[in-house]
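Good morning. I will go through one structure today, starting from a single residue and working outwards. Please have a look at it before I begin.

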Amino acid sequence: MAIDWVGYSYGVLVTLGGILGYLKAGSLTSLVAGLSFGVLAVAGAYLTSQNSRNVWVSLGISGTLAAVMGIRFLNSWKFMPAGLMTLASVLMLGKIAIGMRKRPHQS
């Protein structure tokens, strides 16, 4: 059973993004969303670390953030924070997809 270091790092990045958004712009929405999604991303990494087939929380969080932040990025064309979070979320989705393809199928 491998520890999902990439998933944990992604969760920390999301959490720090929310905290920085609050500190820099005073955005309570960024703080709440960053903490909520960050904690869920860390929980997803924990679940994936326990069972490599249990990717659904991580998949949902990274997919949701990729969509929401991707729309924000397309509307603003500002890399920080929307572009960075879109990129990180898409990379996380790719990591999950590759991991799902590599796992042996059981019948």
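Is Ser58 buried or exposed? Keep in mind that this is a predicted model. Ser58 has a relative accessible area of 5%, and the cut-off for buried is under 20%, so Ser58 is buried. The residue sits in helix H3, which runs over residues 56-76. What does Ser58 touch, once its neighbours within four places in sequence are set aside? The contacts are Gly44, Ala45, Thr48 and Ile96. One distance for scale: from Ser58 to Ser36 is 13 Å, C-alpha to C-alpha, with their positions 22 residues apart in sequence.

Staying in helix H3, we come to Ser62. Its relative accessible area is 0%, so Ser62 is buried as well. A polar atom of the Ser62 side chain lies 3.4 Å from the backbone oxygen of Leu59. Not counting residues up to four places away in sequence, Ser62 touches Tyr10, Ser89, Met92, Leu93 and Ile96. Notice that Ile96 is a contact of Ser62 and also a contact of Ser58.

Now the whole chain. How many helices and strands are there? The chain has four helices and zero strands. Going along the sequence, the pattern reads α-α-α-α. The radius of gyration is 14 Å, and the globule rule gives 13 Å for 107 residues; the two are close, so the chain is as compact as a globular protein of that length. Along the principal axes, the C-alpha atoms fill a box of roughly 50 × 25 × 15 Å.

Of the 107 residues in the chain, 31% are buried. The accessible surface comes to about 6900 Å², and carbon and sulfur atoms account for 71% of that surface. As for contacts with a separation of 6 or more, 60% of them are between residues 24 or more positions apart.

One such long-range pair deserves its own slide. How many salt bridges does the structure hold? There is one. This salt bridge joins the side chains of Lys95 and Asp4, at 2.9 Å from N to O. The two residues are 91 apart and link distant parts of the chain: Lys95 belongs to helix H4, residues 79-102, while Asp4 is in the segment before H1. Their surroundings can be stated too. Lys95 counts as partly exposed, because its relative accessibility is 30%. Asp4 counts as buried, because its relative accessibility is 6%.

Asp4 has a further partner. The side chain of Ser49 reaches the backbone nitrogen of Asp4 at 2.8 Å. Ser49 lies in helix H2 and counts as buried, at 5% relative accessibility. Ser49 is also in contact with Ile3, whose other contact is Tyr8, leaving aside neighbours within four places in sequence. Ile3 has its place in the segment before H1. From Ile3 to Asn75, 72 residues along the chain, the C-alpha atoms are separated by 36 Å.

Next, the surface. Which residues form the nonpolar patch? They are Val12, Leu16, Ile19, Leu20, Tyr22, Leu23, Leu28, Val32 and Leu35, with about 820 Å² of accessible area together. Helix H1, residues 5-25, and helix H2, residues 28-50, each supply at least two of the patch residues. H1 gives the largest share, six residues. Take Ile19, which lies in helix H1. Ile19 is partly exposed, because its relative accessible area is 31%.

Two points of backbone geometry remain. As background, most residues other than glycine have a negative phi, and most peptide bonds are trans. Where does the chain hold a cis peptide bond? The cis bond joins Met80 and Pro81, with omega at about -5°. Pro81 is found in helix H4. The other point is Trp77, which is not glycine but has a positive phi, near 55°. Trp77 has its place in the loop between H3 and H4. Is Trp77 buried or exposed? Trp77 is exposed, because its relative accessible area is 61% and the cut-off for exposed is over 50%.

To recap: we began at Ser58, which is buried, and ended at Trp77, which is exposed. In between, the one salt bridge joined Lys95 to Asp4. That is all from me.

Notes:
Residues numbered from 1 in each chain as written. Predicted model: local features only at pLDDT ≥ 70, side-chain atom pairs only at ≥ 80, totals over all residues. Heavy atoms only, no water. Buried < 20%, exposed > 50% of the residue type's maximum accessible area, 1.4 Å probe, protein only. Contact = heavy atoms within 4.5 Å. Patch = residues over 30% accessible without salt bridge, like charges linked within 9 Å, V, L, I, M, F, W, Y side chains within 5 Å. Areas by Shrake-Rupley, 256 points an atom, 1.4 Å probe, with all protein chains shown as cover. Salt bridge = Lys/Arg side-chain N within 4 Å of Asp/Glu carboxyl O. Rg over C-alpha atoms; globule rule 2.2 N^0.38 Å. Polar contact = N/O pair within 3.5 Å; in protein donor to acceptor, adjacent residues only side chain to side chain.
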